[in-house]
2 protein chains.
Amino acid sequence: MKTKIVIDPDDFPQDLRQGLAVLAADMATHGTRRIDPPREVMAMMGDRWTSLILQVLMIGTWRHADLKRALAALSEEQAISQRVLTLKLRALERDGFVARHATADVPPRVSYRLTPLGTELAQEGRRMIDWVNERSAAILQARTTFDQRDD
Amino acid sequence: MKTKIVIDPDDFPQDLRQGLAVLAADMATHGTRRIDPPREVMAMMGDRWTSLILQVLMIGTWRHADLKRALAALSEEQAISQRVLTLKLRALERDGFVARHATADVPPRVSYRLTPLGTELAQEGRRMIDWVNERSAAILQARTTFDQRDD
DNA sequence: CAGCATCCTCGGCGATACTG
DNA sequence: CAGTATCGCCGAGGATGCTG
């Protein structure tokens, strides 16, 4: 695993070299690519369901089927498939964001809740959701302006 | 476009209904699904390149080819293709996060820089990167623990 | 140099059926 | 009820060649 990032001065404009070297140093700290775990987590947050799942789990502890219905109510147009809900919850559990509790009953009772770490993540997600919503008018405006030129 | 989200009491456990109704109200405010623009932006931030592009653009104003080289240096294993870089920059430009400046020269000189809104977004991204990095040890620990049970 | 067109691969996600 | 297995679609993203 290569952790040292070499910036060849000849490859970049003089005024950007220093800043790039600083960023490169940031990205290569601690013997691992510091950009990788963030990218993985941000990819989760940006996928079809995870950020919504986290917001619903902020409410409390949910059984699988109830959670599926709650997501369907919030998403409206398309419900999450049972298979994907299982996949998403497992990924969150794997990274320590969600705790899974199952009983040996028949039929099974499985419930999910946020861990402290997952609660933090959900709060970060909520922060990002609010940030975008506060700026959505500007974003949508930029979009229509962009789409109307040329074409 | 349906903005009112109806929560049927019979569908959910009593202790979760109230919280779900509150969340549903949050998600349906302002005559549009408030969850949609956030999901779009978060999807961008979570894709293969956008968050890294934003961090590099924080340094200054970049020409297309220089930016491509900078991303390659930071990413190491695989360079972004020229086609995808164009796509990502255009998406950022469309939403008002990046400003594109082109001269009529031959060969063309095209440069990209963050808008004020884009600078904010890059800072949010940096915040998220740092947040994950501060917790990456815990996340990786949870991952190995999870992977070692069963199998 | 920057961008576009074309082709291709791969993974996310949905649908369905089946099991403990 | 929760989970798995199987199948299929579609879009993200990479590779290459061409153009102004």
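Me: Say Ala, Val, Leu, Ile, Met, Phe, Trp, Tyr, Cys and Pro count as nonpolar, Asp, Glu, Lys and Arg as charged, and the others, Gly among them, as polar. How do the residues of the surface near DNA strand D divide, then?

Reply: Into eight nonpolar, five polar and eight charged. A residue is near a strand here if one of its heavy atoms lies within 4 Å of it.

Me: What kind of model is this, and what pLDDT do local features need?

Reply: It's a predicted model, where local features need pLDDT of at least 70 and side-chain atom pairs count only at pLDDT 80 or more, while totals for chains, interfaces and linings use all residues. Residues are numbered from 1 along each chain as its sequence is written, chains are lettered from A and ligands numbered from 1 in the order in which they are written, and side-chain values use heavy atoms, with hydrogens and water left out.

Me: OK, back to strand D. Which residues are closest to DNA strand D?

Reply: A:Ala65, A:Gln82, A:Arg100, A:Tyr112 and B:Lys88, out of 21 residues that surround DNA strand D. Of the strand D atoms that come within 4 Å of the protein, 60% are sugar and phosphate.

Me: What is 2.6 Å from a phosphate oxygen of DNA strand D?

Reply: A backbone N or O atom of A:Ala65. That's a polar contact, meaning a pair of N or O atoms within 3.5 Å (within protein, one must be able to donate a hydrogen and the other to accept it, and residues adjacent in sequence count only if both atoms are side-chain atoms). The side chain of A:Arg63 has an N or O atom 3.1 Å from a sugar or linking oxygen of DNA strand D.

Me: And which side chain has an N or O atom 3.3 Å from a base oxygen of DNA strand D?

Reply: That of A:Arg83.

Me: Which element gives the most to the surface near DNA strand D?

Reply: H5(A), with four residues. Helix H4 (64–75) and strand E3 (110–114) of chain A, along with H5 of chain B, are also among those that each supply at least two. Helices (H or I, at least four residues) and strands (E, at least two) are DSSP runs, numbered from the N terminus.

Me: Switching strands: which residues come nearest to DNA strand C?

Reply: A:Lys88, B:His64, B:Ala65, B:Gln82 and B:Arg100, of the 22 residues around DNA strand C. By class, the surface near DNA strand C has eight nonpolar, six polar and eight charged residues.

Me: How much of what DNA strand C has within 4 Å of the protein is sugar or phosphate?

Reply: 59% of those atoms, and the rest belong to bases. As for phosphate oxygens of DNA strand C, one is 2.9 Å from a polar side-chain atom of B:His64, and the side chain of A:Trp49 has an N or O atom 3.0 Å from one. B:Arg63 has a side-chain N or O atom 3.0 Å from a sugar or linking oxygen of that strand.

Me: New topic. How does chain A lay on chain B?

Reply: With an RMSD of 0.0 Å, by a turn of 180° and a shift of 0.0 Å along the axis; the fit is least squares on the C-alpha atoms of residues with pLDDT of at least 70 in both. So the two copies are related as by a two-fold rotation axis. In chain A, A:Gly46 has the C-alpha nearest the axis, 2.5 Å from it.

Me: How many residues of chain A are in contact with chain B?

Reply: 68, with 68 residues of chain B (contact means heavy atoms within 4.5 Å). The two chains bury about 6700 Å² between them, 64% of it on carbon and sulfur atoms. Buried area is the accessible area (1.4 Å probe) that two parts lose on being put together, summed over both.

Me: How many salt bridges across the interface of chain A and chain B?

Reply: The rule finds 14, and it asks for a side-chain nitrogen of Lys or Arg within 4 Å of a carboxyl oxygen of Asp or Glu. One of the salt bridges joins B:Arg143 and A:Glu40 (2.8 Å, N to O). Another salt bridge joins B:Arg126 and A:Asp26 (2.9 Å, N to O), running from helix H6 (residues 116–148) of chain B to helix H1 of chain A.
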